[in-house]
Amino acid sequence: MPKNAGSFLWSNSFSAVLIILFVNNNTLSAQISKADDKPWYETARVFYDWIRIGEDLDRDYARHLVQKTRDLNCNTLAFCVSVYGYALWDSEVSPKYDRIGKMDLIGELAALCKKNDLYFVPWWLGTSMGAGRVLEEHPGWIVHGPPVNGQPGREFNYICYNTPYRDLIYEEVREVLTNYDVDGIYFDQLPGSCYCPSCQEKFKNLYGRSMPVVEDEFVLAFNHGIPASRYPSSLNEFRERSIKGFCAGIRKIIEESQPGTAYVQNWIKNHHARLGVGLVDVVLPEFYQRDDLVALGMKHRITKSYFENGAIWGNVRHSVKHDARHFPVKGTQMLLMDCVANHSAPLMLDLCVMDFDATGKEQLGQTFADIEKFYDLNDGGKEVYYATLLHSLPTYMQDPVEYMKDFEGIYRLLFEAHIPFNLITEKGIQEGDLEKTRVLIVPSAAYLSEKAAEAIKSAVNQGMGLVATHMTGYKEPNGSIREKPILSDVFGYELLDIQTPFTTATLFRHPDLKVSDIDRGYFYYASTRPDHTITAEMSEDAYFSFWGNFAAIKPVADATVIGDIHLPDHARLSAGEYNRRGVFPGPAHWPLAIVRQYGKGKTAYFVPQADEIERRVYAPEYTSMLERTILWAGGPSILETPEIPPPVEIRIFHNLSKKLYTILMINHNTSPLVRGKHEGIGVIRYIVPHKNIEFTFSPGIIPADIRDFDGNSVPFKIMDNKVHINLPELDLYEGIIIKY
Ligand SMILES: [Zn+2]
């Protein structure tokens with residue numbers, strides 16, 4: 001890599017550049033973290049381990065654990081407090097584990113961590129594996145699924161926290177916090193409630209009647225895969241109450257025994273993270289890689305939004321399942337940095353792997369050193385964003401599965417287009433968090449609340465761009481259909497009908513047509529109109545297809561149609577005899593998308609459900625149209641990346657006091673992941689490096705120096721008021737540090 005290759009090209013209009021760039025700067029610094037003095041756990045680098053089983057262990061083992069943590073450049077050791085229900089400390093509450101002799105392992109680790117400047121976080125595990133001894137003594141405490149035909153439901157491999165087990169955990173926590181100086185405590189899993197006898201009894205005491213049963217649910221702590229609207233509200237309330245009750249109990253013990261100890265909790269993730277607000281300090285959602293990696297950052301960000309910007313620890317598995325073998329090292333390195341790019345402190349789940357196979361120790365240590373460097377550079381800094389993506393909780397509660405497909409489709413669009421963006425909840429909108437965004441994107445938020453809509457409307461009036469799709473605003477949060485969609489007066493349309501495949505308006509049955517022969521993957525044809533700046537550069541008269549429903553609308557006079565949906569050509573509709581089925585394009589008939597000026601803001605409404613995650617793959621033209629519309633509604637972005645491949649994640653951070661930007665690039669070019677032998681967890685076999693990545697960055701500064709994480713100079717020049725940067729190579733990830 002060339003050393004000191006950075007250069008300045010002084011443009012003729014240098015002073016003009018300065019003025020223009022600095023004006024932009026004020027509007028683009030975004031507020032992510034509300035408090036600048038971050039507690040330690042916001043930027044922890046966590047090594048997560050448990051006991052090496054089947055051996056007699058002595059003080060050398062404790063020293064070895066601390067050394068492993070230091071070797072990896074982590075600053076926090078998270079270690080289990082017990083094994084199978086046997087304590088690893090000198091306990092009066094629970095019997096002691098018999099393979100550590102007279103050693104008090106938790107006491108030993110607490111002292112060693114202090115001596116080595118490490119944070120120490122003992123953790124509890126609520127499965128029967130974590131506390132099997134307890135379950136042997138009290139088999140009735142196991143988590144139960146819904147009763148079927150009056151018979152007790154299926155048993156799950158957890159102990160219910162609504163049983164007397166909760167009191168036992170509380171006593172253990174109190175004992176550990178009273179006797180040892182620890183920095184945090186962590187609870188792996190949170191089986192807060194179920195259908196066990198204890199839960200049924202508690203429910204009856206609270207509500208004066210038997211617990212209602214949702215027979216087809218796969219239950220643990222929360223309702224799974226079934227819309228909240230299908231649950232009796234008392235059951236929802238009971239479950240949330242059980243979760244909060246457990247967390248409040250732990251909080252109380254911390255305040256009484258060792259105030260200031262960080263309380264870390266998992267299982268309250270996604271929108272459930274809101275249950276931990278005010279009770280829990282850190283949420284640790286366990287999101288593993290499946291067939292794609294984009295969704296990991298998305299889930300971390302959703303969780304953070306509902307945790308009201310509280311601290312998140314990102315869980316990166318290095319061990320395969322609970323085996324003493326590991327995933328390929330490069331994947332672990334990349335995912336650790338991906339956590340950081342998505343506002344989550346990295347945690348590496350080792351589970352003794354390195355005791356048996358220390359492959360990659362240096363590389364992993366380097367990644368944690370890079371992360372430490374980033375945290376130092378970004379100390380007091382904030383993420384810079386341009387667009388904001390709404391996650392609508394009322395919509396999610398009514399239809400979690402379909403809504404998340406719509407949401408993730410647009411999340412991916414922004415990710416792949418490298419449009420800097422953050423997430424917002426309806427609560428965040430109502431609290432005024434829209435202030436700094438250029439454009440809000442609302443993917444099919446059918447049940448958008450009135451309060452959120454009002455706040456959106458007033459932000460648009462004052463100049464914020466707004467882009468929404470499909471069913472946005474169609475229903476009340478309680479499910480009833482609105483007289484007219486709630487933001488339709490902003491976008492400027494009247495809703496005529498929701499067109500679904502085979503509605504009569506789309507397709508009449510002609511006696512000569514064998515309509516039943518049409519393939520079930522029914523689609524519509526659409527095209528763009530060339531007479532608007534958004535669509536002018538898109539190819540004229542070209543059709544593209546999309547799959548799914550759309551809203552048939554009538555635009556108001558001052559709304560502009562920028563694309564059309566076409567009637568099917570009935571003459572050719574079915575040609576089954578020629579093995580040719582499906583739809584052929586006829587004349588333009590419905591608006592595909594409309595744009596309009598509303599107050600000082602630009603708005604756009606797209607009628608189809610075409611950017612939903614599975615549908616969008618058919619219509620890259622539609623994706624491109626949406627992308628152009630977002631940039632039209634929000635104005636030019638600070639980042640232009642025509643040469644950077646879509647699977648590279650880019651996140652920008654600004655540290656005003658240190659006068660520097662850090663651009664994190666995470667290389668997700670691994671797809672498809674291969675599903676390993678273990679269901680649900682994909683394996684990153686390789687990551688494809690990219691060379692000579694060129695992009696422009698125009699945040700309102702003149703760089704003095706641009707370097708990568710290793711300190712190498714990164715070449716750049718200034719042209720057309722933009723900083724043109726050429727990154728020689730992107731392997732797993734890179735931090736581009738721009739000082740000005
Ligand atoms: Zn229970």
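In this predicted model, Gln 265 lies in strand β9, which spans residues 262-265. With a relative accessible area of 0%, Gln 265 is buried. Its surroundings can be read from its contacts: leaving aside residues up to four places away in sequence, Gln 265 touches Tyr 186, Phe 187, Gln 189, Leu 190, Phe 246, Val 280, Val 282, Val 283 and Leu 284. One of these partners, Val 282, is 17 residues apart from Gln 265 along the chain, and the C-alpha atoms of the two are separated by 6.4 Å. Two backbone oxygens also face the side chain of Gln 265. A polar atom of that side chain lies 3.4 Å from the backbone oxygen of Phe 187, and the backbone oxygen of Gln 189 lies 3.3 Å from a polar atom of the side chain of Gln 265.

Gln 189 deserves a closer look in its own right. This residue is found in the loop between β8 (184-188) and α6 (197-207), and it is buried, with a relative accessible area of 11%. Its phi is positive, at about 70 degrees, although Gln 189 is not a glycine. Most residues other than glycine have a negative phi. Asn 73 likewise is not a glycine and has a positive phi, here of about 60 degrees. Asn 73 sits in the loop between α2 (59-71) and β2 (76-80). Its relative accessible area of 29% makes Asn 73 partly exposed.

The zinc site comes next. Four cysteines coordinate the zinc ion through their SG atoms, namely Cys 160, Cys 194, Cys 196 and Cys 199, at 2.2 to 2.3 Å. The angles among the four donor atoms run from 100 to 122 degrees, and the site is tetrahedral. Along the chain, the donors follow the spacing C-x33-C-x1-C-x2-C. Both Cys 194 and Cys 199 are buried.

A further polar pair is found in strand β22 (residues 560-568), where Asp 564 lies. Asp 564 counts as buried because its relative accessibility is 8%, under the 20% cut-off. Its side chain makes a polar contact of 2.8 Å with the side chain of Arg 529. Apart from residues up to four places away in sequence, Asp 564 touches Tyr 525, Ala 526, Ser 527, Arg 529, Ala 588, Trp 590 and Leu 592.

Attention now turns to the nonpolar interior. The largest nonpolar core has 215 residues, and Ile 51, Phe 79 and Trp 313 are those with the most contacts inside it. Not counting residues up to four places away in sequence, Ile 51 touches Leu 57, Tyr 61, Phe 79, Cys 80, Val 83, Leu 88, Tyr 97, Ile 100, Leu 105 and Cys 352. A second core, separate from the largest, has 26 residues, among them Leu 639, Phe 695, Ile 725 and Ile 738.

Some totals place these sites in the setting of the whole chain. The protein chain contains 17 helices and 34 strands. It has 740 residues, of which 60% count as buried. Among contacts between residues at least 6 apart in sequence, 74% join residues at least 24 apart. The accessible surface of the protein chain comes to about 29,900 Å², and 49% of this surface belongs to carbon and sulfur atoms.

Technical notes:
Residues are numbered from 1 along each chain as its sequence is written. This is a predicted model: local features need pLDDT of at least 70, side-chain atom pairs count only at pLDDT 80 or more; totals for chains, interfaces and linings use all residues. Side-chain values use heavy atoms; hydrogens and water are left out. A nonpolar core is a set of buried Ala, Val, Leu, Ile, Met, Phe, Trp, Tyr and Cys residues joined through side-chain atoms within 4.5 Å. Buried means under 20% relative accessible area, exposed over 50%, partly exposed in between (1.4 Å probe, protein chains only). Contact means heavy atoms within 4.5 Å. Donors are N, O and S atoms within 2.8 Å of the metal (3.2 Å for Na, K and Ca); water is not among the atoms, so sites may look incomplete. Four donors count as tetrahedral if all angles lie between 85 and 135 degrees; four count as square planar and six as octahedral if opposite donors are over 155 degrees apart and all others between 65 and 115; anything else is irregular. Helices (H or I, at least four residues) and strands (E, at least two) are DSSP runs, numbered from the N terminus. Accessible areas come from the Shrake-Rupley method with a 1.4 Å probe; for residues, only the protein chains shown count as cover. A polar contact is a pair of N or O atoms within 3.5 Å; within protein, one must be able to donate a hydrogen and the other to accept it, and residues adjacent in sequence count only if both atoms are side-chain atoms.
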